[in-house]
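Work through the following exercises with the sequence and the model open. Each task is followed by a solution in steps.

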Amino acid sequence: MTAAQAQVQGTATGSLEVLLSVTAACEVNGSASGGTGKATLDFGETQLLTSNVDGEIGIGGAGGIEVRCNPGVDYTVDFGAGENATDIANRAMAGPTGSVNIPYQLYSDPARSVVLSQVSDTGNGAFQGIPIYGRVPAISPAPTPGSYRDVVTVTVSF
């Protein structure tokens, strides 16, 4: 026996408690590239806008607004009116200076009959996609050529 071994008189044990507190949280993610909180509904190009132009994102859960919350956390997603409207019923894209805004609407169903204002669900720990269906109605007179855009604020409450 070595001198170090001879000095051991007994043993004692203790414990180390390891803790982690996980608080309820949600995050918004958008677009296929994973950009935080931003997605794009692009209606493409048109000329005289003599018929409806439809677009959609998030079908099948990818490419649109996605929300990830802890499992069991109830959440609500509110979609605002956009920068160019005072209420959800009158969403519009602003265009070139002096042009008339182009109306559009967002819907929660493929038939485009339920205006998208709020979605509620319960988190499952993974990103949950929100399908968004859009429509630009035919208008007269024809709009001024140029690029039109709007930004809708998406707010998640939990």
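**Exercise 1.** Determine how strand 5 pairs with strand 9, and which residue of strand 9 stands opposite Val77.

Solution. Strands are DSSP runs of E with at least two residues, numbered from the N terminus, and two strands pair if DSSP finds at least two bridges between them. Strand 5 and strand 9 (residues 118-122) are paired in the antiparallel sense, over five bridges. Opposite Val77 stands Val119 in strand 9.

Next take strand 12 (residues 154-157), which pairs with strand 5 in the antiparallel sense over four bridges. Here Val156 is the residue opposite Val77.

Finally, sort the side chains of strand 5 (residues 74-79). Tyr75, Val77 and Phe79 point to one face and are buried, that is, under 20% relative accessible area with a 1.4 Å probe, protein chains only. Asp74, Thr76 and Asp78 point to the other face and are not buried. In a regular strand, side chains alternate between the two faces of the sheet.

The model is predicted: local features need pLDDT of at least 70, side-chain atom pairs count only at pLDDT 80 or more, and totals for chains, interfaces and linings use all residues. Residues are numbered from 1 along each chain as its sequence is written, and side-chain values use heavy atoms, with hydrogens and water left out.

**Exercise 2.** Find the disulfide and describe its geometry and its place in the chain.

Solution. Apply the criterion of two cysteine sulfur atoms within 2.5 Å; the count comes to one disulfide. Cys26 is joined to Cys69, with S to S 1.9 Å. The link is right-handed, with 115° about the S-S bond. Cys26 lies in strand 1 (residues 26-30) and Cys69 in strand 4 (residues 65-69), so the pair, 43 residues apart, links distant parts of the chain. Both Cys26 and Cys69 are buried.

**Exercise 3.** Give the strand order of the open sheet of three strands and identify its edges.

Solution. The order is 3-11-8, with antiparallel pairing. Strand 3 and strand 8 (105-107) are the edge strands, each pairing on one side only. Between strand 3 and strand 11 there are five bridges in the antiparallel sense. In this pairing, Ile57 stands opposite Ile132 in strand 11.

Terms used. Buried < 20%, exposed > 50% of the residue type's maximum accessible area, 1.4 Å probe, protein only.
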